[in-house]
Each structure stands twice: as C-alpha cells, then as structure tokens.
Amino acid sequence: MTPNSDPTVQPVPASVVRQVDAADTTLQNPQQAVIALGSNVGNRLERLQSAVDALADTPGLAVKAVSPVYETEPWGVEPGSQSSYFNAVVLVRTTLPPGSLLERGHAIEEALERVRDERWGPRTIDVDIVAYQGVVSDDPRLTLPHPRAHERAFVLVPWHDVDPGAEVPGRGAVAELLAGLGNEGVAPRTDLELSLPE
C-alpha cells in the first residue's frame, strides 16, 4: 500500500499551512500592539491598573509602556448622564495573534465585571485593541486599526505620549491626526499614575 492510497491521509489545506506558518513567524517575532483602556465605573484607577496587571500576566505578552492617565467625558451620550472616564494606552509586544489578543482583552473585561448592556453605556473597563503592528483588516470581529481611533483624542493623546512617532495604519501619523483634532476635553491627571509591572 503506497502512502498516497491511504484514504485517511488528506493533504493539509493551503490555508491551514499559511496559518501555521504565520503563527510560527509570530512566535519568533513579537509584534507591537497598542491597547486602549478606559473606565468610568467604581474605582477607575484601580480598574485600569488591574487591566495593565492582567495584560502583563498574559503568557506571550510583555507590557512595554503605560501612558499617563487622562480624564475625559463619555463619548456619544448626554452630558452629565455618566461619570467621566479615566483613559490610558498600553504598548505591548506579543507573540499572540490578533484574534487571541482580542479574546484575552474580553477575558480581562469579564474578570473586571464589564457589562455589555448598551452601546456607549457605562463600563467598569474597556480593553480595546487600537492597532496591531501594521495590520489593516476589515474583519467585523476585530477591525484593525480600530475604526474610530483616528478621530478620538482620548486614544491619540495617551498613545502619542508613549510613542510620539506612532502611525495609525492607513490614517497617518498620530501627531498629525492629533494636530487636526486638538486635545480639548482630554484632561491630564498628573496626580494619578499607573505602574508598569515588574
């Protein structure tokens, strides 16, 4: 019996080979990702720090930089209807592919009791992947870069702090986008600080 006549041996689809090769490349070459954090429920600073710590505890991920904390008004709701947000941006190097990083972000949100009842609703924690290396993807599950990052000062201001030369893939330099938007409503909280895990 020749190997090719065995009906249980099927050729590996090319798409699977590509995925395995891509994963192997990722494992050897950590990618940079930008993660935005936000909280407007409970002890906001504690929630942000818990999210940073949880990211740092993720196998295959290293937190490289944490931005200063900013206070911002909620987006897309009536003024005064919700508490203000604390926002920060974290730069990571990771061997996780984007989908796995998204799952980890959702797990962190769940652990910190994030509730998804309403769009623009108050939240204990938001963990958003803003960019992953130079990847541009319109996958509805994880659009990269984040579809509204380029128009949100509360993301761009702290991102610029930790990576002044950063670019939003397909949109341009963070510094230039910020110059067009301005930073009104994004108030630095110099009295607060997130610590970079050891």
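So, which elements do the buried residues of α5 pack against? Keep that in mind while I walk you through this one. Quick warning: we're looking at a predicted model.

Okay, helix α5 runs over residues 174-181, and its buried residues are Val-174, Leu-177 and Leu-178. They span an arc of only 100° around the axis, so they end up on the same side of the helix. Now turn to the face pointing away from that buried side: there you'll find the exposed residues Glu-176, Ala-179 and Gly-180. Back to my question, then. The buried residues of α5 pack against helix α4 (153-162) and against two strands, β6 (167-168) and β7 (172-173). And just after α5 comes Gly-182, with a positive phi of about 80°.

Next stop, Asn-87, which sits in strand β4, residues 85-94. Is Asn-87 buried or exposed? Its relative accessible area is 5%, and buried means under 20%, so Asn-87 counts as buried. What does its side chain do in there? The Asn-87 side chain makes a polar contact with the side chain of Thr-72, at 2.6 Å. Leaving out residues up to four places away in sequence, Asn-87 also touches others, including Leu-37, Tyr-70 and Phe-154.

Hang on to Phe-154, as we meet it again in the second largest pocket. That pocket has a volume of about 200 Å³. Its lining has 13 residues, and Trp-75, Ala-153, Phe-154, Glu-184 and Val-186 are the ones nearest the centre. What's the lining made of? It splits into 6 nonpolar, 3 polar and 4 charged residues.

That's my tour, thanks!

Note on methods:
Residues numbered from 1 in each chain as written. Predicted model: local features only at pLDDT ≥ 70, side-chain atom pairs only at ≥ 80, totals over all residues. Heavy atoms only, no water. 1 Å grid on protein atoms, 1.4 Å probe; cavity = no way out; pocket = protein on both sides within 12 Å on 5 of 7 lines; lining within 4 Å. Points joined across faces, edges and corners; volume = space filled by probe spheres on them. Nonpolar A, V, L, I, M, F, W, Y, C, P; charged D, E, K, R; others polar. Helix = DSSP H or I, 4+ residues; strand = E, 2+ residues; numbered from the N terminus. Buried < 20%, exposed > 50% of the residue type's maximum accessible area, 1.4 Å probe, protein only. Polar contact = N/O pair within 3.5 Å; in protein donor to acceptor, adjacent residues only side chain to side chain. Contact = heavy atoms within 4.5 Å. Arc of directions from axis to C-beta.
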